[in-house]
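Colleague: I have a predicted model open here, and I would love a close look at one part of it with you. Could you walk me through the sheet?

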Amino acid sequence: MSKLLERIVFRQLYDYLSRTDLLLSLQSAYRSHHYTETAVLKVLTDILYAVDDGDLSNLALLDLSAAFDTVDHDIFLTRLRVSYGVGDAALDWLQSYLSHRVECVKRGSDWSTLATVWFGVPQGSVLGPLLFILYTAGLIDLIEGHGLRPHLYADDTLIQGSCHPGSVAQLQSTLSTCLDDVSFRTG
């Protein structure tokens, strides 16, 4: 029953985000027509354009390890309301969906005590991946704010920048500052 309910909520949320053009084109994965190839072609195209202009290109590849487990529910629910216009019953349902989760570990025939899950979206769920990409969408603005080109794929983030050969130190500094900001935001 819960998977069926998740599918219904997923479809309604996905349709709403698509209709209102709130799904970002720079986020591949977990969406129709946005696959690994989409991400690779976008990044390769950006690099080739830079090379054609005589520029050098720098690429940072980040894997946000255990990223699904780090989603802050309060921040995420606020983002859903403010950035995506999700409110009323839909927001209440999503808050209920994320809250009051517990987990335990089974080893052999022994079970650990139940522990409340305060962060994260349910992995292996129908809804978890969509919620995760909505949570991380802000990384695109953060990276672009540094004058760099982002692309997100699942829990991986690609950051690409280009410069004239004489400006390599500046590009490296900008990329380093951007990586610090991403680390702070996702850490």
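Which residue in strand 7 is the bridge partner of Q27? Please start there and take me through the surroundings.

Modeller: Happy to, and please keep in mind that this is a predicted model. The bridge partner of Q27 is L152, in strand 7. That bridge belongs to the pairing of strand 1 with strand 7 (residues 149-153), which is parallel and has two bridges.

Now for the sheet as a whole. It is an open sheet of four strands, ordered 1-7-8-2, with mixed pairing. Its edge strands are strand 1 (27-28) and strand 2 (56-63), and each of these pairs on one side only. In general, the strands of a sheet pair through backbone hydrogen bonds, in either a parallel or an antiparallel sense.

Moving on from strand 7, we come to strand 8 (residues 156-163). Strands 7 and 8 run antiparallel and are joined by five bridges. One pair to look at is P150, whose bridge partner in strand 8 is I159. The two strands form a hairpin with two residues between them, and A154, in the turn, has a positive phi of about 55°.

On to the next pairing: strand 2 meets strand 8 in the antiparallel sense, over eight bridges. Here N58 has G161 of strand 8 as its bridge partner. G161 counts as buried because its relative accessible area is 2%, and the cut-off for buried is under 20%. Strand 8 as a whole is mostly covered, with six of its eight residues buried. For a sense of distance across the model, the C-alpha atoms of G161 and D88 are 41 Å apart, with their positions 73 residues apart along the chain.

You may also want to check the cysteines. The count of disulfides is zero. The closest cysteine sulfur to that of C163 is in C178, and the 15 Å from one to the other is too far for a bond, because a disulfide needs the two sulfur atoms within 2.5 Å. C163 is buried at a relative accessible area of 9%, and C178 is buried as well, at 0% relative accessibility.

Away from the sheet, a few other spots deserve a glance. S125 sits in the loop between strand 6 (115-117) and helix 5 (128-136). With 12% relative accessibility, S125 counts as buried. Its side chain reaches the backbone oxygen of P122 at 2.6 Å, and a polar atom of the S125 side chain lies 2.8 Å from the backbone nitrogen of G128.

L91 belongs to helix 4 (residues 88-98) and counts as buried at 14% relative accessibility. From C-alpha to C-alpha, L91 and L80 are 7.7 Å apart in space, while in sequence they are 11 residues apart.

Let us finish on the surface. L4, L5 and I8 make a nonpolar surface patch of about 260 Å². I8 is part of helix 1 (residues 2-19), and its relative accessibility of 43% makes I8 partly exposed.

Definitions and conventions: Residues numbered from 1 in each chain as written. Predicted model: local features only at pLDDT ≥ 70, side-chain atom pairs only at ≥ 80, totals over all residues. Heavy atoms only, no water. Patch = residues over 30% accessible without salt bridge, like charges linked within 9 Å, V, L, I, M, F, W, Y side chains within 5 Å. Areas by Shrake-Rupley, 256 points an atom, 1.4 Å probe, with all protein chains shown as cover. Salt bridge = Lys/Arg side-chain N within 4 Å of Asp/Glu carboxyl O. Buried < 20%, exposed > 50% of the residue type's maximum accessible area, 1.4 Å probe, protein only. Pairing = 2+ DSSP bridges. Polar contact = N/O pair within 3.5 Å; in protein donor to acceptor, adjacent residues only side chain to side chain.
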